[in-house]
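Colleague: Please take a close look at one part of this model and tell me how it packs against its surroundings. Some background on the chain as a whole would help too.

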Amino acid sequence: MATTTIAAPATTDYIPVKHPFNFGRWFRATGWRHLVGAVMVVFSAFPLLYVLSASLHPGGTLITANGLFSEVDLGSYVTLFNLPQQPYAAWYGNTLLIGGITSAGTVFLGALAAYSFSRMRFVGRRAGLLMLVLVQMFPQLLAVVAIFLLLNGISDIFPAIGLDTQIGLIMVYLGGALGVNTYLMYGFFNTIPASIDEAAKLDGAGHARIFFTIILRLVAPILAVVGLLSFVGTTNEFVIASIVLITPEKQTLAVGLYQFVSQEFSSNYSVFAAGAVLAALPVMALFLWLQKYIVGGLTAGSVK
């Protein structure tokens, strides 16, 4: 019987074809993004480097500090803590205290309000949500005169929470921050399935137990975001703090640092820059600590 053999096909090695680099095609595809990113990095980092350089320059003016890090001297940081009429250390402690209490109170009260609007059905619920949005149309700056007169009147009855008190300033901040933060957390609370609440109710849990033991753990990202935004807004606020706090030892950094540049013949921008650099450290530390929650907290509540 004759046998036939099938010849194996010839194997050829695959040689990849190298295309010449086309700069125009690469730039149109992805290169322009790198260019935009580099410009934005320089645009964002230059003011920070300039302020840091001005804080290390002994000249005392911004004009003499044009050369970045041309002179390095820590004298401004030493002077910052040795001025009896400008107690920077007290301002720093006041800012951390007021900012910490305000952010914690904003998170707690806002979470309670957001849970109520999200999980409970009551008369005036829709009108309340609408009012939260409408109130944000008017900036808190419009209420400065009313806030001053209100705290001045409270000082005659309850001096501890009236004018020139840090507690009074915290209460003003809490009232102004509840609107937008409550609405922001309300959107995030709606993303939590209601079946979790129903399962907990079948086990005999009430609203308080569900809120503190279950819901708060699930909404940790938005709580971190609201706390960060509240702390940053409180530490940077100037107008209301300058109206409420009068005694220098009770003022915050935003109000106190203005004294270094507000006087025409004794302004010292180097000391002001040094104080601004130190004032930014708590905000940067808090941002780095909570950065893993920021993206999730800001985006999850935008989709119902």
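Modeller: The chain exposes about 18,900 Å² (Shrake-Rupley, 1.4 Å probe, with only the protein chains shown counting as cover for residues), and carbon and sulfur atoms supply 70% of that area. Bear in mind that this is a predicted model, where local features need pLDDT of at least 70, side-chain atom pairs need 80 or more, and totals for chains, interfaces and linings use all residues. Numbering starts from 1 along each chain as its sequence is written, and side-chain values use heavy atoms, without hydrogens or water.

Of the 304 residues, 34% are buried (under 20% relative accessible area, with exposed over 50% and partly exposed in between; 1.4 Å probe, protein chains only). The chain has 13 helices and zero strands (DSSP runs numbered from the N terminus: H or I of at least four residues for helices, E of at least two for strands). Taking contacts (heavy atoms within 4.5 Å) with a separation of 6 or more, 70% link residues 24 or more positions apart.

Now the close-up: helix 8, residues 207-218. Its packing with helix 3 (residues 88-119) has an angle of about 110 degrees and axes 12 Å apart (lines fitted to C-alpha atoms over the stretch in contact, angles from 0 to 180 degrees between N-to-C directions). Helix 3 and helix 8 are therefore roughly perpendicular (65 to 115 degrees; under 35 is roughly parallel, over 145 roughly antiparallel, the rest oblique). Their crossing is right-handed (near helix turned clockwise from the far one by less than a right angle; anticlockwise is left-handed). On the helix 3 side you'll find Phe-108, Ala-111, Leu-112, Tyr-115 and Arg-119, and they meet His-207, Ile-210, Phe-211, Phe-212, Ile-215 and Leu-216 of helix 8. By class, that contact has nine nonpolar residues, one polar and one charged (Ala, Val, Leu, Ile, Met, Phe, Trp, Tyr, Cys and Pro are nonpolar; Asp, Glu, Lys and Arg charged; the others, including Gly, polar).

Helix 8 also packs with helix 9 (residues 220-236): the axes come within 5 Å and cross at roughly 75 degrees, so helix 8 and helix 9 are roughly perpendicular too. Here Leu-216, Arg-217 and Leu-218 of helix 8 touch Ala-220, Pro-221 and Leu-223 of helix 9, giving five nonpolar residues, no polar ones and one charged.

Back in helix 3 sits Thr-95, which counts as buried because its relative accessibility is 5%. Neighbours within four places in sequence aside, Thr-95 contacts Gly-100, Thr-235, Thr-252 and Leu-253.
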